[in-house]
Amino acid sequence: VLYYMELGNVMMKALQSLRWSYIFTVVSMLASSVCSEEIAQDLEEFWQQQVKTSRFVGKGEITIAYVKVVHPNPKGVVVLVGGRTESYLKYQAFIYELYQRGYSLYSADHRGQGLSQRLLEDPLKGHVVNFSDYVEDLQQFLAAIVIPEAGKGLYMVTHSLGGAVGLLALEKNPDVFKAAILSAPMLEANLGLPAGCGIVSFVNVFCNQCSTPRNDYKNINEA
């Protein structure tokens, strides 16, 4: 908990090295990512023809799944860092919208979730040995795959857990990204341990499942 409470300070350092832009564009794309049946067919064809998936070996010999979509004449390159229990498959419509607007995209599933290798026998139970493993996987993804193919001056879009991972990566690589957007980042105000625990307890009174992952997936791909 104390580790996460320091993320506020990390965020301030990261913001000092970034130029923020394209926020309204991204919000617009997120809103338009809700698929109609008509768009769903286009999305399926796009995923089959334009999207490339692969894997790399991260820290501790854990296999990390990733996706990339390379636009022939990109306006820019987006690195998407998803949230807890998520896969890049959740963002298919968003990736499609980015491509239609002229952007390339790279995204990797965090270890222990999505299409990446699990760390426990139970494939539905998320786990990571150290939170920094997420950050090291992202750094390796950038250094070994994204930057050699797309260069620097990238854009980062994150959600939830990905916000914390992304900020820590930004602190270590301030020259790689041109701008970043954090959607509901997993950050805690540095109010001191008693205050932080008190807020969590208060929220749990009204929503005791807010921080509980689902366990009713039909199969491993849905998980």
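These are my notebook entries on one protein chain, taken from a predicted model.

**Entry 1: the overall layout**

I started with the element count. The chain comes to 8 helices and 6 strands. Reading from the N terminus, I got the order α-α-α-α-β-β-β-α-β-α-β-α-β-α.

Next I looked up burial for the whole chain. Of its 223 residues, 41% are buried. The exposed surface is about 12,200 Å², and carbon and sulfur atoms supply 54% of that.

I also checked how far along the sequence the contacts reach. Taking contacts with a separation of 6 or more, 75% are between residues 24 or more positions apart.

**Entry 2: helix 5**

Is helix 5 mostly enclosed or mostly open? I went through residues 92–100 and found that 7 of the 9 are buried, so the rest of the structure largely encloses this helix. The buried ones are Ala 93, Phe 94, Ile 95, Tyr 96, Glu 97, Leu 98 and Tyr 99. I noted that Glu 97 is on that list.

I then followed Ile 95 across to helix 4. Leu 43 sits in helix 4, residues 37–49. Leu 43 has 11% relative accessibility, so I put it down as buried. From Leu 43 to Ile 95 there are 52 residues in sequence, and the C-alpha atoms are 9.5 Å apart in space.

Two tyrosines of helix 5 turned up again when I looked at rings. Tyr 96 and Tyr 99 join Phe 46 in one aromatic cluster.

Just past the end of helix 5, I found Gly 102 with a positive phi of about 100 degrees.

**Entry 3: aromatic pairs**

How many aromatic pairs does the structure hold? I got 8. I wrote up two of them.

The first is Tyr 103 with Tyr 155, which is edge-to-face, with 6.4 Å from centre to centre and 85 degrees between the planes. This pair ties together distant parts of the chain: Tyr 103 is in strand 4 (residues 103–108), Tyr 155 is in strand 5 (residues 154–159), and they are 52 residues apart. I checked both for burial. Tyr 103 is at 9% relative accessibility and therefore counts as buried. Tyr 155, at 8%, also counts as buried.

The second is Phe 131 with Tyr 134, again edge-to-face, at 5.4 Å centre to centre and 90 degrees between the planes. Both residues belong to helix 6, 3 residues apart, which is about one turn of the helix. My reminder to self: an α-helix has 3.6 residues a turn, so residues three or four places apart point the same way. Phe 131 is buried with a relative accessible area of 10%, and Tyr 134 is buried at 7%.

**Entry 4: helix 6 against helix 7**

Where do helix 6 and helix 7 meet, and at what angle do they cross? Helix 6 is residues 131–150 and helix 7 is residues 161–172. Their axes come within 9 Å and cross at roughly 60 degrees. The crossing is right-handed.

I listed the residues that make the contact. Helix 6 brings Phe 131, Tyr 134, Val 135, Leu 138 and Gln 139. Helix 7 brings Leu 161, Ala 164, Val 165, Gly 166, Leu 168, Ala 169 and Lys 172. Sorted by class, the contact has 9 nonpolar, 2 polar and 1 charged residues. Phe 131 and Tyr 134 are both on the helix 6 side of that list, so I had already met them as the buried edge-to-face pair.

I looked up Leu 170 too, which is found in helix 7. Leu 170 has 2% relative accessibility, so I counted it as buried. Leu 170 and Gln 139 are 31 residues apart in sequence, with 9.5 Å between their C-alpha atoms.

**Entry 5: positive phi outside glycine**

I ended with two loop residues. Which way do they sit, in or out?

Glu 61 has a phi near 65 degrees, a positive value in a residue other than glycine. Its place is the loop between strand 1 (52–57) and strand 2 (63–69). Glu 61 is exposed, with a relative accessible area of 62%.

Thr 85 has a phi near 70 degrees, and it too is a residue other than glycine. I placed Thr 85 in the loop between strand 3 (76–81) and helix 5. Thr 85 is partly exposed, at 29% relative accessible area.

Technical notes
Residues numbered from 1 in each chain as written. Predicted model: local features only at pLDDT ≥ 70, side-chain atom pairs only at ≥ 80, totals over all residues. Heavy atoms only, no water. Buried < 20%, exposed > 50% of the residue type's maximum accessible area, 1.4 Å probe, protein only. Helix = DSSP H or I, 4+ residues; strand = E, 2+ residues; numbered from the N terminus. Axes fitted to C-alpha atoms, helices over the stretch in contact; angles between N-to-C directions. Left-handed = near helix turned anticlockwise from the far one by under 90°. Contact = heavy atoms within 4.5 Å. Nonpolar A, V, L, I, M, F, W, Y, C, P; charged D, E, K, R; others polar. Phe/Tyr/Trp six-rings, centres within 6.5 Å; stacked < 30°, edge-to-face > 60°. Areas by Shrake-Rupley, 256 points an atom, 1.4 Å probe, with all protein chains shown as cover.
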